[in-house]
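Colleague: I have the sequence and coordinates up. Can we go through the fold from the inside out?

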Amino acid sequence: MTGSTPAPFTADDYRARMGGAARDAADAGLAGLLVAPGPDMVWLTGYTPTAVTERLTVLVLAPGRDPVLVVPTLEAPDAETATGASALTLRDWTDGKDPYAVTAALLDDRGRFGISDNTWAMHLLGLQRTLPDSSYASLTDALPMLRAVKDAAELELLAAAGAAADATFEEIRKVTFAGRRESDVGHDLADLLRRFGHSQVDFTIVGSGPNGANPHHEVGDRVIQHGDMVVLDFGGLKDGYGSDTTRTVHVGEPTEEERTVHDVVRAAQEAGFRAVRPGVACQEVDRAARAVITDAGYGEYFIHRTGHGIGVTTHEPPYMIEGEEQPLVPGMCFSVEPGIYLPGRFGVRIEDIVTVTADGGRRLNDTTREMVIVD
């Protein structure tokens, strides 16, 4: 692996993100945003609590006001070390005091707020109890595009994560499959992802033979056999940004039918990629890929959406699915991953991460999409 890691994000980067999020909230008719520990907080502030507990930690963003991070007193020293800390005000609370009262003092008591999806129910209920006239909307519903459009540094990080996943595939295709358990190959994938720079492995799907017909099979104790089709889907986080790629390999020579199904999926993946350009609705990517599979007679066996966004998490908006009319914007990154799943027999999926450019799309995965034969 070559290439340098982009410069770390700065306090100014996080200040700009928080300011933009507050403006987006106002545009959406919200009085502000309440962000719990998780990917949104990491993206907005660079802060990850060492442990997420029952003690309330929440970032409060409101139009025209400075950002405030409400934290337990015992966690304030860690919060102060976050890169984005200098771009916000810390408001700490001690055990025995009411953290909801501390937070409520920062809020419009009749406001409607966007709240991050992973907020604990006890915290949302505590805020509602303290501010009975307030109301809340999930950030996924209220601001689905909050993190969707990546800047140049984020794109570089996503490209590096994609290259690491590609290097993993180039190595895994060299190992012996036949006679080994799916879990053995899964361990190989995880080790390779870490070798190529991943700090976190989110999934290693190894679906051999009939297990490949389950899109989220992950790994099991089935022994891979000569003649199996094997779906390999793997990814995680490298330098804080995600990878996710799928290639389907075959142990020994495939049958004519297996080659045909693989060719259909490859053509569908290409069609989905070719549909990517600014201004096109997300659903058009799904329609383009799905039409190829349907026209080939396998429509009922394509049982999931064509893609999902990726960034500081491996699954996030936008989603490439019928009914999603959000237009594509340069800087969006998402998977294009059609598949065919024949129950009890085998499955095929091919997946690349794609970013929208000024005039089309660019793949962040470059390994071959042709049928790969393994031992």
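Colleague: By class, what residues make up the lining of the largest cavity?
Modeller: In this predicted model, a cavity is a set of points on a 1 Å grid over the protein atoms alone where a 1.4 Å probe fits but cannot get out, and lining residues have an atom within 4 Å of a point. L34, A36, L56, V58, I115, T119 and L127 line the largest one. Ala, Val, Leu, Ile, Met, Phe, Trp, Tyr, Cys and Pro count as nonpolar, Asp, Glu, Lys and Arg as charged, and the others, Gly among them, as polar. The lining has six nonpolar, one polar and no charged residues.

Colleague: What pLDDT do side-chain atom pairs need to count?
Modeller: Residue numbers run from 1 along each chain as its sequence is written, and side-chain values use heavy atoms, without hydrogens or water. The model is predicted, totals for chains, interfaces and linings use all residues, local features need pLDDT of at least 70, and side-chain atom pairs need 80 or more.

Colleague: How much space lies in the largest cavity?
Modeller: The count is one cavity of 30 Å³ or more. Its volume is the space filled by probe spheres set on the grid points, which are joined across faces, edges and corners. That gives about 40 Å³.

Colleague: Which residues lie closest to the centre of the largest pocket?
Modeller: A pocket is an open set with protein on both sides within 12 Å along at least five of seven lines. The largest has a volume of about 450 Å³. Its lining comprises eleven nonpolar, eight polar and three charged residues. Of these 22 lining residues, the closest to the centre are F9, Y14, V42, D239 and G240.

Colleague: Which element gives the largest share of the largest nonpolar core?
Modeller: Such a core joins buried Ala, Val, Leu, Ile, Met, Phe, Trp, Tyr and Cys residues through side-chain atoms within 4.5 Å; buried means under 20% relative accessible area, exposed over 50%, partly exposed in between (1.4 Å probe, protein chains only). This one has 34 residues, and M18, L33 and Y241 are among those with the most contacts inside it. Elements are DSSP runs numbered from the N terminus: helices (H or I, at least four residues) and strands (E, at least two). Seven-residue α2 (39-45) and strand β1 (32-35) are among the elements that each supply at least two core residues, but the largest share, four residues, comes from α1.

Colleague: Why is V372 classed as buried?
Modeller: V372 lies in strand β18. Contact means heavy atoms within 4.5 Å, and V372 touches F169, R173, T248, V249 and H250, leaving aside residues up to four places away in sequence. V372 counts as buried because its relative accessible area is 4%.

Colleague: And Y298, what is its relative accessible area?
Modeller: Y298 sits in the loop between α10 and β11. Leaving out residues up to four places away in sequence, Y298 touches V261, I293, I340 and L342. Y298 is buried, at 15%.

Colleague: What is the radius of gyration of the protein?
Modeller: The protein has ten helices and 18 strands. The globule rule, 2.2 Å times the number of residues to the power 0.38, gives 21 Å for 375 residues. The protein is as compact as a globular protein of that length, because its radius of gyration, taken over C-alpha atoms, is close to that figure, at 23 Å.
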